[in-house]
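Student: Could you take me through one spot in this structure, slowly? I'd like a close look at a single residue and what sits around it.

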Amino acid sequence: MKMNFTTEIIDQYMRESSVNPDNEARIINIGEITNIFSIGTDNSLYLTKENESGAKSRFSRVKILDNIKSFAAEKIDSQTIAIGIISDENVYITYTKKPEELTFENLHKMDFRGVLGGIHLSPYRVLMTSLGDNLSMFVEFHDDSGFTQQFAAVLDGNDSSKAKYFRLPSEFTEVIGIAAGRAARQLVDGTYTYGVFHAGNDSPYSGYNSDAPQLIYTPCCNPFGSTPPSPIRLKTEVNIEAICTLKTSGNNKSGTHLFAVGEGKLYFYPESEQA
């Protein structure tokens, strides 16, 4: 969206109900067109899309899919958007150039059974990021008590049947904030999670256990072997309420800056200094 001193600011306004959904929202620009994906109060996935110049209204809104618990959207190339969703206890993904025409028939079901270890867990939240040649999908699963475990699927190209699945060494009794990205000097994508880490006493990661929330980065996999990767603690000075990531500039898409909000202050973790 372009604005200059001759632009009437009123032209840039949208109805609050269009841009402030009760749940999740994701903004993706394709060319000069803004696409706002969101989950409405009816648990449906909506697309609020900027119209071409000269249209009667600046934005139009369309319902895409019903019964959505969580979604993620990621720009793959100049025209293609990857969309991951959770619906009816299943995780799906699709690649599309026309998200307003998306239907459930276009979705491909992701199969995490091989890494769930036979345990019944319910998918709760999905995130995605694409910082290299692959697309990384992260899914939080909950057990009946609300205990959170994280899993990842790495996709090379748009063939979901060839996805590689991983169980992350990240177990939380409470998750306050989570974001996908890539920390400094990491070769694969991962998750930043602020919450209460609690692995089992016999787990090699029980040393990370704490009754207080921690900010932890967990790579999706170990690029040098089959052993799980080690989480990385990031320093926090206050109680954090929310976190988000921003890709670093440049064509190599090497990593992400991290932002955290807590106790009325905004904290910045530069990509090059996350350790």
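Tutor: Let's look at Gln-274, starting with its place in the chain and then moving on to the strands beside it. Keep in mind that this is a predicted model. Gln-274 sits in the segment that follows strand S18, which runs over 265–269. Its relative accessible area is just 3%, and the cut-off for buried is under 20%, so Gln-274 counts as buried.

What does the side chain of Gln-274 reach? One partner is the backbone oxygen of Tyr-269, at 3.1 Å. Another is the backbone oxygen of Thr-256, which lies 2.8 Å from a polar atom of the Gln-274 side chain. If you skip the neighbours within four places in sequence, the residues in contact with Gln-274 include Thr-256, His-257, Leu-258 and Tyr-269, and also Ala-183, Ala-184, Arg-185, Tyr-192 and Leu-234.

Now for the strands. S17 covers residues 256–262 and pairs with S18 in the antiparallel sense, over 5 bridges. Within that pairing, Leu-258 stands opposite Tyr-269 of S18, and both of these residues are on the contact list of Gln-274.

Step back a little and you have an open sheet of 3 strands, in the order S16-S17-S18, with antiparallel pairing. S16 (242–247) and S18 are at the edges with a single partner strand each, so each has one side without a neighbour in the sheet. From one strand to the next, the twist averages 20°.

Conventions
Residues are numbered from 1 along each chain as its sequence is written. This is a predicted model: local features need pLDDT of at least 70, side-chain atom pairs count only at pLDDT 80 or more; totals for chains, interfaces and linings use all residues. Side-chain values use heavy atoms; hydrogens and water are left out. Helices (H or I, at least four residues) and strands (E, at least two) are DSSP runs, numbered from the N terminus. Buried means under 20% relative accessible area, exposed over 50%, partly exposed in between (1.4 Å probe, protein chains only). A polar contact is a pair of N or O atoms within 3.5 Å; within protein, one must be able to donate a hydrogen and the other to accept it, and residues adjacent in sequence count only if both atoms are side-chain atoms. Contact means heavy atoms within 4.5 Å. Two strands pair if DSSP finds at least two bridges between them. Axes are lines fitted to C-alpha atoms, for helices over the stretch in contact, and angles run from 0 to 180 degrees between N-to-C directions.
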